[in-house]
Amino acid sequence: MTKVESEFEGVHLLKGNFAAAYAARAARVQVVTAFPITPQTLIVEKISDLVDSGKMNCEFIRMESEHSVMAALVGASIAGARTYTGTSGQGLLYMAEPVHWAAGTRLPMVMSIASRGIAPPWNIWADFSDVMSQRDSGWLIQLNSTHQEIYDSVLMGYKITEDPEVMLPLMAAYGGFILSHTSKPVDMPPQSEIDSFLPEIPEKGWDHIFLDADRPMMHGALVMPGDFYQEFRMKIHLAQLRAKEKIKVVTKEFKEKFGRDYGNGLFYEYKTSDAEYIMINYGEIAKQMELTIDTLRNEGYNVGMINLRTYRPFPSEELIEKVKHAKILGVVDRATAFGSPTGGPVSSDVRAALQTSSETRNLSIIPFINGLGGRDVFPEEQREQFEILFHVLDKGEYPKNKDLMHATYWTGTIDRRST
Amino acid sequence: MTNAVQTKNDLINVTIHGRGGQGAITASNLLCECAFRAGFKDVLDIPKIGAERRGAPIQGFVRLSRVNEIKMYTGVRNADYTLVFDYTLLDIPSVVSSLSGIVLVNAPEFVNLDCIDPNLDVWIVDATGISMNNGLLIAGFPILNTLILGAFAKMTGMYSLDIIKDVYKARFGKNWEKNYIAAEQAYKSVKKVGRKI
């Protein structure tokens, strides 16, 4: 036992939040701004520890609110720094105004989100309604299913966001507590390999925006309606669409270098190639759904799943290609979009996207909502979701004895008749 | 869940009942460390964290897998092993009804455990007594988790005392030895309780 183990390399048991913090360190981030909010707090606590003990070299700034966290990060990023922070739920909502500023300024930062339910009533457990609320902010939004993916997404994140063709910030979300506070083995590559994977941080700042006395530039200007406002918005949308290709390329490079496979980066498939019943799911309950798929396959059902990794940009064409052979589709949301066509954010998007192709236009799509506010989603409930698909396809009707609201099934709901 | 010691199974599920401040959450993490070092392929600790305070009943869960990736992220039902950090938790009906598999209770010998389903194997260890005898206190409260993991090692054969030593050295710095000595005493004194069926 003479070999000195490095805390930062090799396989270690890590809480999801620590995986995020260690990845930020491995990415050599230069500025971290921090404000504590459960269940994210362990990220910035860990970074604070690492900086204090000299194990991480970055400017760590404690702020007075999440709004200030993002405002300061915008400043640091404009100055050309590689920047990182984390937040959750209510903190992300409070941060919303400068969140939009970061995307509008085209700043390549990465933020980890330990997702939690939106209050009231107070809730601190897994629910992706917080990130979904920033759907239209211009940020790239990814959803993680495993501890390893939390780590890897931060590393890949910088390579995606700092690409001159993209230059948009990225938030990578994972279930609060269910991933943030649980530990699993996480494999951390040697620093030299990470260094050679990531782009170099440009010494004189980003190409389009900088703080440099030799190159004076005006920041935060007003544009009149006849000026470039509309064109700036178009460029953000175009950059989002370009990011799809960049995500694919980076995910492929990552697999070649580190051996870990995240599909095309936009989503990964589980037994979909011959599946008649396909579920679209995301987060850790998607990983867990693989168990139910194995069980149902053993029973002779042709079921499969698409685990959605990237919510923005939304992988419309890629999705159409993968589900066009299915007979029926389910979409599971651990989030709400009140008053939307389905009540769930991803299911509304899937419906809109599949409308654009004649090959998928007539596909039945059954939306599900489950696990809100961290409620356990057991395999029985995931099986029930598939059984609803079987019922709809075989009988041509919606099963009635469930919590069905406007054609969306809310599964795992407390039985009101018995309480 | 009918067989006794189930250490040959691929997936092993553990439920830990404790009180806030007794270190049950840390125990779930340390148990994962021990099992991982003992060669388990995948481990997952699942603390049920909420707004708990010192003394309130809390739960933690552990899933250990020898071969396959662990994909279950929910809490554990029907555990293969249940650890009870404090026998007074057995006054709570929901704790008693959730006991399953092989049960390890921190209790002195005189405690009556008749409330536990007679079909369950029960082991006891006087972790509180050992902890107090070793002066293993934090803010006046006896440390329990590091001892109970010693008892669990004996009960299951899942990992050795040497592994406990390595994990405590890595985790507790200069305090590893006190914790290890107490864990060793718990290892030696844990025993199966005769049940009347």
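Gly39(B) follows helix H1 of chain B and has a positive phi, near 105°. The model is predicted. Helix H1(B) itself runs over residues 24-37. Its 14 residues reach 20 Å from first C-alpha to last, close to the 20 Å expected at 1.5 Å a residue. The helix is mostly covered, with twelve of its 14 residues buried. Among the buried residues are Ile25(B), Leu30(B), Leu31(B) and Phe36(B). Polar and charged side chains are on that list too, including Ser28(B), Asn29(B) and Glu33(B).

Turn now to chain A. An assignment divides chain A into domain 1 (10-258) and domain 2 (267-418). Their C-alpha centres lie 29 Å apart. Across the boundary, 27 residues of domain 1 are in contact with 22 residues of domain 2. On the domain 1 side, four elements give two or more residues each: helix H5 (129-132), strand E6 (140-143), strand E7 (170-175) and helix H8 (229-258). Helix H8(A) provides the largest share of this side, five residues. By type, the domain 1 side divides into 15 nonpolar, nine polar and three charged residues.

One residue of chain A leads back to chain B. Asp376(A) is found in the loop between strand E14 (364-369) and helix H12 (379-395). Is Asp376(A) buried or exposed? Asp376(A) is partly exposed, because 17 other C-beta atoms lie within 10 Å, and burial needs 20 or more. Leaving aside neighbours within four places in sequence, Asp376(A) is in contact with Thr74(B) and Gly75(B). Within chain A, the C-alpha atoms of Asp376(A) and Ala126(A) are separated by 9.5 Å. These two residues are 250 residues apart along the chain.

Key:
Residues are numbered from 1 along each chain as its sequence is written. Chains are lettered from A and ligands numbered from 1 in the order in which they are written. This is a predicted model: local features need pLDDT of at least 70, side-chain atom pairs count only at pLDDT 80 or more; totals for chains, interfaces and linings use all residues. Two residues are in contact if their C-beta atoms, placed from the backbone, lie within 7 Å. The expected span of a helix is 1.5 Å times one less than its number of residues. Domain bounds come from an automatic or database domain assignment.
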